[in-house]
Amino acid sequence: MAENTDELHRRIKELETQVAYLNDQLKQDDKFGLHWIDVPEAFDKESENKIPILEEVPELAITNDDGKPTHILIEGDNYHALSCLNYTHHGKVDVIYIDPPYNTGSDGFTYKDKRFLDQFPDGQPIPKNHPLRHSVWLSFMEKRLKMAQPLLRPDGVIYISINEEEYANLKLLCDKIFGYANYITTITVKVRHENRILKGDKPIHETTELLLMYRNSPSFIINKRIVDN
């Protein structure tokens with residue numbers, strides 16, 4: 001009986017801490033910017049006292065005979081992969097390209113919410129009508145972009161693909177992490193033909209996606225050149 005009481009008190013204390021944290025977020029004085037509820041992720045707890053380790057698979061090694069450095073292919077969750085790379089490649093990466101889930105409600109995006117791991121051990125599906133749809137996605141992206149940014153060299157650059165579903169949120173999030181002054185541009189990429197049959201619930205057919213470009217610091221310089229006609 002005493003054990004059940006202790007567990008109940010522990011759970012109450014945990015919930016009180018979560019409520020205090022959420023109330024603190026709602027009371028923020030900064031009225032301009034991007035605010036969301038930080039949805040707890042299973043990886044946060046898992047990584048507190050553990051160091052992820054890469055395990056080599058020799059038969060899948062990528063090798064060459066030209067004396068140049070070989071590439072590394074990491075298979076696994078991007079959270080763990082980024083954690084490992086921060087030990088081995090901190091401040092050494094020239095270019096990062098990220099193609100994250102677009103959070104369209106039909107792209108298979110799942111979130112490992114640690115509160116529901118018993119129900120969704122492989123991650124909780126996030127449908128379009130999920131009440132915390134954007135908060136879940138921003139929590140997911142912030143954690144990973146904060147781990148990606150330290151990997152870049154001072155003159156490094158990052159490209160992130162996205163569509164209009166989360167473009168506005170991603171732009172503000174990247175302004176916060178990389179700094180608005182380090183935003184270079186948004187590149188429009190044509191991905192579909194105009195005569196494709198309209199699918200989904202949108203009345204207008206999309207033919208393009210977007211590619212955000214941020215430098216890590218002013219050390220990144222674009223060399224412009226004049227093209228003769």
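The following exercises, with worked solutions, concern a sheet and two helices in a predicted model.

**Exercise 1.** Determine in which order the strands of the open sheet lie, and which strands form the edges.

*Solution.*
Step 1. The sheet consists of 4 strands, arranged as β1-β4-β6-β5.
Step 2. An edge strand pairs on one side only, and this holds for β1 (93-98) and β5 (183-190).
Step 3. The pairing in this open sheet is mixed. In general, strands of a sheet pair through backbone hydrogen bonds, either parallel or antiparallel.
Step 4. Direction ignored, neighbouring strands are turned against each other by 15 degrees on average.

**Exercise 2.** Describe how β1 is joined to β4 and which helix touches both strands.

*Solution.*
Step 1. β1 and β4 (residues 152-162) run parallel and are joined by 5 bridges.
Step 2. One bridge partner can be named: Ile96 is matched with Ile158 in β4.
Step 3. Helix α4 (residues 133-148) packs on the sheet and touches β1 and β4. The direction of α4 makes about 155 degrees with that of β4.

**Exercise 3.** Establish where helix α5 lies and which of its residues are buried.

*Solution.*
Step 1. Helix α5 (residues 167-178) lies across β4, β5 and β6 (208-215), and runs at about 5 degrees to β6.
Step 2. Buried means under 20% relative accessible area. The buried residues of α5 are Asn169, Leu170, Lys171, Leu173, Cys174, Asp175, Ile177 and Phe178.
Step 3. The cover over these buried residues includes α4, β4, β5 and β6.
Step 4. Just after α5, Gly179 takes a positive phi of about 95 degrees.

Terms used. Residues numbered from 1 in each chain as written. Predicted model: local features only at pLDDT ≥ 70, side-chain atom pairs only at ≥ 80, totals over all residues. Heavy atoms only, no water. Pairing = 2+ DSSP bridges. Helix = DSSP H or I, 4+ residues; strand = E, 2+ residues; numbered from the N terminus. Axes fitted to C-alpha atoms, helices over the stretch in contact; angles between N-to-C directions. Contact = heavy atoms within 4.5 Å. Buried < 20%, exposed > 50% of the residue type's maximum accessible area, 1.4 Å probe, protein only.
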